[in-house]
Amino acid sequence: MNDVTLQALDLLEEAQAGAAAQVLAVAESALREPTGDICDGPAAMHFVRVVALTRLGDLPAAVTAADLMLAAADRERSTGWRSCALSLRATRRLRLGDLDLREHDISVVLGDLVAAETTLLAGEPNPVIAGNAHTGIAIGYAQLRLYELAAPQFQAAYETTGPVSYPDNGNRAMWLCNLAELNLMWALELYQVGQAAEAAEHLTAAEENAVRAAAEASGPKAEVWRHTALLFAASARADRQDPAGAADEIPRHLAQLQAFGVSVQQPELLLCRSFHALALNRCGRRDEALRVIEAAVADLPPDPSWLAAAALHRTHAILLAKNGSRDVGPGLTYGDTLAEVLWRQRHRWLHAAVTMQSYDLLRWQHEQAERAARTDPLTGVANRRGLDAFLRNLAAPGLTDDHRVAVLALDVDCFKRINDSQGHAAGDEVLRAVAQALTTSVRRGDFVARLGGDEFVAILPGADCAAAEQVARRAVAAVRGLTPWRTGVSVGVASGAAHSLGMSLADADRAMYAAKRAGGNQVSRGHVAT
C-alpha cells in the first residue's frame, strides 16, 4: 500500500472523529501540490475531501468533489477508487435529495451504485481500497433499504481483510457489525409488515455476525467494536430465546459505548433501544419498557433515519396499547398501512436495481469480449487488431500538420537463440517482460501493441523524435536490466504528421532494422516525416 493511501486512511479517521475542517485543509493542500489546481492530485485525497465536506454539512460541494475524484480515479486507472467515487456520489445525492426534493432522483442514485458495483468486476488489487469500495456500495444500498443487495457487499468487504498484510485497524469487526446491524434493520422492517417468521431468520443472522465480530475485534478501537457487536447480539436475542439476558445486556453495552464517546443518537443505537424495550416487555417489566422507549423517542435527532424513527414510534404505540391505551389504535393502523406502502416502494426500487445490474453486466461482458478481441493474450498489450482500431481513431478528420505523432518499432535481440536454448516457456516470459518494460517506459496516453512474434510498436501522440528517443532509451535500459535472460531490444524511432502515420510506421521499422544491423540493444532514428 502506498504512502498516499495510508495518509488518506489516517485523515479519514480524523475527519470522522470531529476534525473535518482541519482534514479538509490538509487534503486540499495535497491536491494542489502537483499543479496548483485542486482538480489534480491523487484520488485518495479526493476521497478524503468528499468525506470532510460531508462531515461539514456541505453536500452540494461533496457531490462536486466526488466528480473530481471520479476523474482522478480514471487518470490513475484505478477500478477501486472509481467505484468509491461513484458510490460516494450516489450516497451524497441521496442525502441531498432527502433535504431538497428538487435533488431527489432515485434512478440516478441507483445508476451510480450499480455502476460502482460493475466497475469492481475488473478487480482491485489493493485490499484496503477494495474494502472501501464494497463498503460504499453497501452503504448506498442499505440507505435505500435494499438489504438483499447491501449484504453481499458488506460480506465482500469483510473478505478483503484476509491477507496477512492487511492493516490491523478493526475493519474485520466493523464489517461484521455492519452485517449484524443490516439484519437487525431488515428484521424490524419485516416485523412492521407482519412477516414475523422471516424477521426471526434475520435476527439469527444478526446474532451470528455479531458474535463473530466480538471475537474478531482488534486494532486501536477493539473495545468499541467488541461492545458494539455484543450490543447487536443482545438485541438479536430480545425477541427470541433470551429476552431477560437482552434486557440486562443492552443497557450495559449502550452505557459502555457512551463512555467511549459514541453518540446515543446514532441510528444503530436508537434501533437497539427499541429492542431493549421489547425485551423488557417480554420479561413482564412493562412500566420500565415504556420509560425506555419514551426516553429513546425523546432522544431522536431532528432528522432521524426513517427506520429508526418508525421502529421507535411503533414500539412505543404497541407498548401503550398493551398497557390499555385506546388512543393509539388509529395511529398503529396508519403506521402499518404506511409501512406496507414503503415496503412496496422498496420492492420497486429493488426491481429497478436488479434490472440495472443485469443490463450493466451484459454491457460489461460485451466490453470485455471486445477488449479481449483487441488484446494479445500472452503479453496483455494490444494486438494488431487493437492497433488498427487505435490508428483509425487517431487519424480522425480535421487533423492538421501541427498534430504530430511519434512511432517506436521494437524487436527483441537474439530471441530465436533464447527459444532454442531455453525453450518456448522462457521465450514467452521474455515477451511478457519486454511488453511490461515498454508499457512502463512510455508516457501516459501512449499506446503499446505486439505485432506478432517478438515485434512491438508504440504510438506516441503529440511527440517529436526527441521525446520519442527518450522513451526508446528508457525501454532499452529497462530491457537490458531484465534477468536472467540478458537480452536487449533494437528500437527504431520516427515522427511525422498524424495523417501520414503509415509512412512513420514504415520509417520506424526501417530504423529498427538499422539498429539491429548495428549490433542491437540500441536506438536508431529515422527521418522526420512531413
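1. Let me start with the β2–β3 pairing. In this predicted model, strand β2 (residues 447-452) runs antiparallel to β3, and five bridges join the two. One of the pairs to look at is V448, whose bridge partner in β3 is A458. The two strands form a hairpin with two residues between them, and G453 in that turn has a positive phi of about 55°.

2. β3 also pairs with strand β1 (residues 404-412), again in the antiparallel sense, here over seven bridges. On this side, D411 stands opposite E455 of β3.

3. How much of β3 is covered? Most of the strand, residues 455-461, is: five of its seven residues are buried. For anyone viewing the side chains, remember that in a regular strand they alternate between the two faces of the sheet.

4. Turning to the helices, α5 (residues 79-99) passes a simple length check. Its 21 residues should span 30 Å at 1.5 Å a residue, and the C-alpha atoms at its ends lie 31 Å apart, so the two values agree. Of these 21 residues, 15 are buried, which means that the rest of the structure largely encloses α5.

5. Helices α11 (residues 222-237) and α13 (residues 267-282) are also worth a look together. Their axes come within 9 Å and cross at roughly 35°, and the crossing is left-handed. L231, F232 and S235 make the contact from α11, while E268, L269, C272 and F275 do so from α13. By character, the residues of this contact divide into five nonpolar, one polar and one charged. As a reminder, an α-helix has 3.6 residues a turn, so residues three or four places apart point the same way.

How values were computed:
Residues are numbered from 1 along each chain as its sequence is written. This is a predicted model: local features need pLDDT of at least 70, side-chain atom pairs count only at pLDDT 80 or more; totals for chains, interfaces and linings use all residues. Side-chain values use heavy atoms; hydrogens and water are left out. Buried means under 20% relative accessible area, exposed over 50%, partly exposed in between (1.4 Å probe, protein chains only). Helices (H or I, at least four residues) and strands (E, at least two) are DSSP runs, numbered from the N terminus. Two strands pair if DSSP finds at least two bridges between them. The expected span of a helix is 1.5 Å times one less than its number of residues. Axes are lines fitted to C-alpha atoms, for helices over the stretch in contact, and angles run from 0 to 180 degrees between N-to-C directions. A crossing is left-handed if the near helix is turned anticlockwise from the far one by less than a right angle, and right-handed if clockwise. Contact means heavy atoms within 4.5 Å. Ala, Val, Leu, Ile, Met, Phe, Trp, Tyr, Cys and Pro count as nonpolar, Asp, Glu, Lys and Arg as charged, and the others, Gly among them, as polar.
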